[in-house]
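Dear colleague,

I am handing over the structure below, and after it I set out what was found. Please read the notes with the model open beside them.

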Amino acid sequence: MESGIEIVVKQDWTDLDAARRSMAQRLAMSGITHHEVLQAMATVPRHAFVEPALESQAYEDSSLPIGREQTISKPSVVAKMIQALMQKQKKMGRVLEVGTGCGYQAAVLSLLSEEVYSVERIRSLHDIARANLRPFRISNLRLIFDDGIKGIPQAAPFDGIILAAAGLGIPDPLLEQLAIGGKLIAPVAKSDTQQQLLLIERLSSMRYQRTTMDEVFFVPLQSGTI
Ligand code: SAH
């Protein structure tokens, strides 16, 4: 029987869950093959890490503003970097993230590592990340307010290091704090307008192997805390 009543369900949690699953499917079709990475991308609710007005865009493949001229990274770039860091491992050991931002990538990393340390240099973003992450009660993630260029010597060595901001090179303390056999991935500026992803593996105490990956666009790595 035709009732004439049309029920329109607008953006609700169910829609966002479906949007997230379809984002993970798009990642799978665009070269992300690591099962656990896809699983983590399909699990972490990215919409919970952006402002309410941007929630409906949370599962598009774009970076979005998070305040203080910073952005939440693009899902495809987050997945690509973590996949490159993990290679065939199902789970990483101790991981350092430089540039917590709103905390999204830290949440993804926490599902794929034994322990995650994430450092942010802007106090207000560190506080926002803390608030965003609180409801998820993630026990293997530590958020630190500091300049990540120095790394975290007291927690080193790290099996994986991931930078969410682009410098002119890789800071020496981060190379020193990488475990032998560990990997680091970072965007590095090639010129004023061009950046490239670099993957570095520490082969021995003195030898590092570097692989150049795709061109990317990240906010700048800056020193000091504010
Ligand atoms: N990881 C975030 C991306 C945040 S954008 C995500 O999940 O989407 C990059 C962040 O790096 C910014 O918040 C910026 O403030 C921070 N950053 C830049 N230089 C830094 C430094 N030296 N130490 C720590 N954080 C830094």
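I begin with Arg68, which sits in the loop between strand S1 (64–67) and strand S2 (70–72); helices (H or I, at least four residues) and strands (E, at least two) are DSSP runs, numbered from the N terminus. Before going further, please note that this is a predicted model, in which local features need pLDDT of at least 70 and side-chain atom pairs count only at pLDDT 80 or more, while totals for chains, interfaces and linings use all residues. Residues are numbered from 1 along each chain as its sequence is written, and side-chain values use heavy atoms, with hydrogens and water left out.

Backbone points

Arg68 is not a glycine, yet it has a positive phi of about 55°. With 42% relative accessibility, Arg68 counts as partly exposed, where buried means under 20% relative accessible area, exposed over 50%, and partly exposed in between (1.4 Å probe, protein chains only). Gln87, in the loop between H3 and S3, likewise has a positive phi, near 50°, in a residue other than glycine, and at 41% relative accessibility Gln87 is partly exposed. For background, most residues other than glycine have a negative phi, and most peptide bonds are trans. The peptide bond from Ala156 to Pro157, however, is cis, with omega near 5°, and Pro157 belongs to the loop between S5 and strand S6 (158–163).

Helix H3 and its salt bridge

Gln87 comes just after H3, a helix of 12 residues that reaches 16 Å from its first C-alpha to its last, close to the 16 Å expected at 1.5 Å a residue (the expected span being 1.5 Å times one less than the number of residues). H3 is mostly covered, with 11 of its 12 residues buried; among them are Pro75, Val78, Ile82 and Met86. Lys80, by contrast, is partly exposed, at 29% relative accessibility. Lys80 forms a salt bridge with Asp214, the closest N and O atoms being 2.7 Å apart; a salt bridge here is a side-chain nitrogen of Lys or Arg within 4 Å of a carboxyl oxygen of Asp or Glu. This pair links distant parts of the chain, since Lys80 is in helix H3 (residues 75–86) and Asp214 in strand S9 (residues 208–216), 134 residues apart. Asp214 is also partly exposed, at 34% relative accessibility.

A network of salt bridges

The structure holds 7 salt bridges. In one of these, the side chains of Arg94 and Glu115 meet at 2.9 Å, N to O; Arg94 lies in strand S3 (residues 92–98) and Glu115 in strand S4 (residues 113–120), so the pair ties together parts that are 21 residues apart in sequence. Glu115 also meets Arg142 in a salt bridge, at 3.8 Å, N to O, and this second pair links distant parts of the chain, with Arg142 in strand S5 (residues 141–145) and Glu115 in strand S4, 27 residues apart. Salt bridges that share partners thus join Arg94, Glu115 and Arg142 into one network. Arg94 is partly exposed, at 24% relative accessibility, and Arg142 is partly exposed as well, with a relative accessible area of 43%.

Around the ligand

Which residues come nearest to the ligand? Of the 26 residues around the ligand (each with a heavy atom within 4 Å of it), those that come nearest are Ser73, Gln105, Glu120, Gly148 and Gln222. A backbone N or O atom of Gln105 lies 2.8 Å from an oxygen atom of the ligand, and a polar side-chain atom of Glu120 lies 2.6 Å from a ligand oxygen atom. A polar backbone atom of Gln222 is 2.7 Å from a nitrogen atom of the ligand. The protein covers 100% of the 580 Å² of accessible area that the ligand has on its own, areas being computed by the Shrake-Rupley method with a 1.4 Å probe.

Two buried helix residues

Arg20, in helix H1 (residues 13–29), counts as buried at 7% relative accessibility. Leaving aside neighbours within four places in sequence, Arg20 is in contact (heavy atoms within 4.5 Å) with residues including Met41, Pro45, His47 and Tyr59. Ser110, in helix H4 (residues 104–110), is buried at 8% relative accessibility, and its contacts, with the same sequence neighbours left aside, are Val116, Ile138, Asn140 and Leu141. The C-alpha atoms of Ser110 and Leu141, 31 residues apart along the chain, are separated by 6.2 Å.

With best regards

How values were computed: Polar contact = N/O pair within 3.5 Å; in protein donor to acceptor, adjacent residues only side chain to side chain.
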